[in-house]
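Colleague: Please show me the sequence and the model. I should then like to learn how to read the features one at a time.

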Amino acid sequence: MSGFLSSSIGRKISMSLSAIFLMVFLLQHFVINFTSVFSEDLFNSISHFMGNNILIQFVMQPILILGVIFHFVMGFVLEIKNRNSRAVGYAEYDGSANSSWMSRNMIISGAAILAFIGLHFYDFWIPEITTKYIEGDTSGMINGNFRYYEELVHKFQPLWRVVLYCLSFILLSLHLLHGFASAFQSLGVPSMRNKIIKTIGNIYAIGIPLGFIFIALYHFAIH
Amino acid sequence: MNLTLKIWRQKSSKDKGGFVEYKIADISEHMSFLEMMDVLNEELITKGEEPVVFDHDCREGICGSCSMFINGEAHGPDRGVTTCQLHMRKFKDGDKITIEPFRAKAFPVIKDLMVDRSSFDRIQQAGGFISVNTSGNTTDANAILIPKEDADLAMDAATCIGCGACVATCKNSSAMLFVGAKVSQYALLPQGKVEGKERVKNMVAQMDLEGFGNCTNTGACEVECPKGISLDNIARMNRNYVGSIFGS
Ligand code: HEM
Ligand code: SF4
Ligand code: FES
């Protein structure tokens, strides 16, 4: 297995598997967040369930965190290896003549997503873990009501944060516009010129980030 | 037409190298790019200067030796051609043309525009063949039925001329299009399937050893490949590689 992970194709495949896992997670995250647009109660009860279910908290959450770490660490490992594969660069290099900006700059969109994940952890994950496991309050309540919806609404009040969220999701969209089909191609499914995979990829890569942007703008606008 | 050429000159693999500009006049638009280079070299020789060293052999797009990175693209601005098939009509009078060697750690510069692509040979030697007992009892290849579709795909993969444009053009200097083509041309045929698992494992191991980068599926290689080798070959190689590691 360590041999597999040090081979170029092994790395590619592990990169793609972690990415597909992240895309499934993101879809699930989106569906839950979207409930906040039409039902405060539903959003609260799902959040409470996700935040207190043993399987989700102590099995799925660590797997997710490891998945994210694996993906970005491997992303940087590959980027360094790739840069080192050309000792002397070209004086003139016309990348746009034969490939998309997105495909050539996965590390830039990826780094922006990483920064966003940092902010997101600071905004939601650290307070959540502090409340539950340090202060020991697993009731999910504040002043007799569930706190999740309130916390969400509160976060989307400052304009700077809403703008930052929207920008991050645009970069995520760019990451996925190339990444979706690329992940299947890496796994051995000829995807880069496959219309069906490309179309599903475009729907996912534009739809999901746009959905998250909509949720942020919605709460900013109505509260 | 009159042109300014900005050409990479480097005395040896040890030399640091740098660009030198040359003016060249009265180039016919019907000339091939290499013929234009010949004219330049004639002038340099007449002036007692060293001609520009570049690889070339067949001059008809089949040997793959004419490696040049022209105005930011492998084999220049045209599609589906090698440098020897590139015509001067793709340029305009007064143009400044930048000519660099193919760049990759696994393709070190020998002199000027000539690079050492023996890393490709070593990848081939690691598995790009079939072992046949030639002691007189071979089966006629035509006795084995092969679906037309497979034969066509194998033939398409086999058109790779090992020019290295895929590596030169890839932002990661990845050789996966070349290796994907070489793996596929055997993997698709019954004669090649026999040693399929060992082949893909060994060729990929050699590719990694040579210091080529990793594929990000940008697709630049496919666009610049003079033979139109498809990215599907990379997917096939990945599939076969996983099969060779985890398959029974
Ligand atoms: C945490 C920060 C992230 C970083 C630094 C990062 C970085 C990268 C890099 C550098 C690549 C290209 C690897 C290569 O050369 O082939 C890549 C591929 C990819 N990433 Fe990310 N990424 C991040 C987060 C995400 C997230 C959150 C998702 C999905 C929700 C995602 C989905 C993908 C996909 C689908 C691919 C294509 C995989 C492939 O080509 O096999 N990434 N990422
Ligand atoms: S795959 Fe195409 S670009 Fe690469 S070596 Fe073969 S012919 Fe040249
Ligand atoms: S010289 Fe043979 S392909 Fe150009």
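Colleague: Which helices of chain A each supply at least two residues of the shell around ligand 1?

Modeller: Helices are DSSP runs of H or I with at least four residues, strands are runs of E with at least two, and both are numbered from the N terminus. A residue is near a molecule if one of its heavy atoms lies within 4 Å of it. Here, helix 2, helix 4, helix 6 (106-134) and helix 8 of chain A each give at least two residues to the shell. This is a predicted model, in which local features need pLDDT of at least 70, side-chain atom pairs count only at pLDDT 80 or more, and totals for chains, interfaces and linings use all residues, while side-chain values use heavy atoms and leave out hydrogens and water. Residues are numbered from 1 along each chain as its sequence is written, and chains are lettered from A and ligands numbered from 1 in the order in which they are written.

Colleague: Why is the site of ligand 1 shared between chains?

Modeller: The site is shared because residues from both chain A and chain B surround ligand 1. Of its 25 surrounding residues, Lys12(A), His71(A), His175(A), Ser182(A) and Ser186(A) come nearest. For chemical character, Ala, Val, Leu, Ile, Met, Phe, Trp, Tyr, Cys and Pro count as nonpolar, Asp, Glu, Lys and Arg as charged, and the others, Gly among them, as polar. By that scheme the shell holds 15 nonpolar, 9 polar and 1 charged residues.

Colleague: Which atoms of ligand 1 do polar side-chain atoms of His71(A), Ser182(A) and Thr216(B) lie close to?

Modeller: A polar contact is a pair of N or O atoms within 3.5 Å; within protein, one must be able to donate a hydrogen and the other to accept it, and residues adjacent in sequence count only if both atoms are side-chain atoms. His71(A) places a polar side-chain atom 2.8 Å from a nitrogen atom of the ligand. Ser182(A) has one 2.4 Å from an oxygen atom of ligand 1, and for Thr216(B) the distance to an oxygen atom is 3.0 Å.

Colleague: How should I read the interface, and how many residues of each chain are in contact?

Modeller: Contact means heavy atoms within 4.5 Å, and by that rule 39 residues of chain A meet 48 of chain B. Buried area is the accessible area (1.4 Å probe) that two parts lose on being put together, summed over both. In this case it is about 3,500 Å², with 51% from carbon and sulfur atoms. Ile9(A), Tyr90(A) and Asn98(A) supply 17% of what chain A buries against chain B, more than any other three residues.

Colleague: Which residues form a salt bridge across this interface?

Modeller: The rule asks for a side-chain nitrogen of Lys or Arg within 4 Å of a carboxyl oxygen of Asp or Glu. It finds 1 salt bridge between the chains: Arg193(A) pairs with Glu222(B), their closest N and O atoms being 2.3 Å apart. There are also 34 residue pairs in polar contact across the interface, both at pLDDT 80 or more. On the side of chain A that touches chain B, helix 2 gives the largest share, 6 residues.

Colleague: What surrounds ligand 2?

Modeller: Its surroundings comprise 13 residues, the closest being Cys160(B), Cys163(B), Gly164(B), Cys166(B) and Cys225(B). Helix 4 (165-169) and helix 5 (176-187) of chain B each supply at least two residues of this shell. The shell around ligand 2 has 11 nonpolar, 2 polar and no charged residues.
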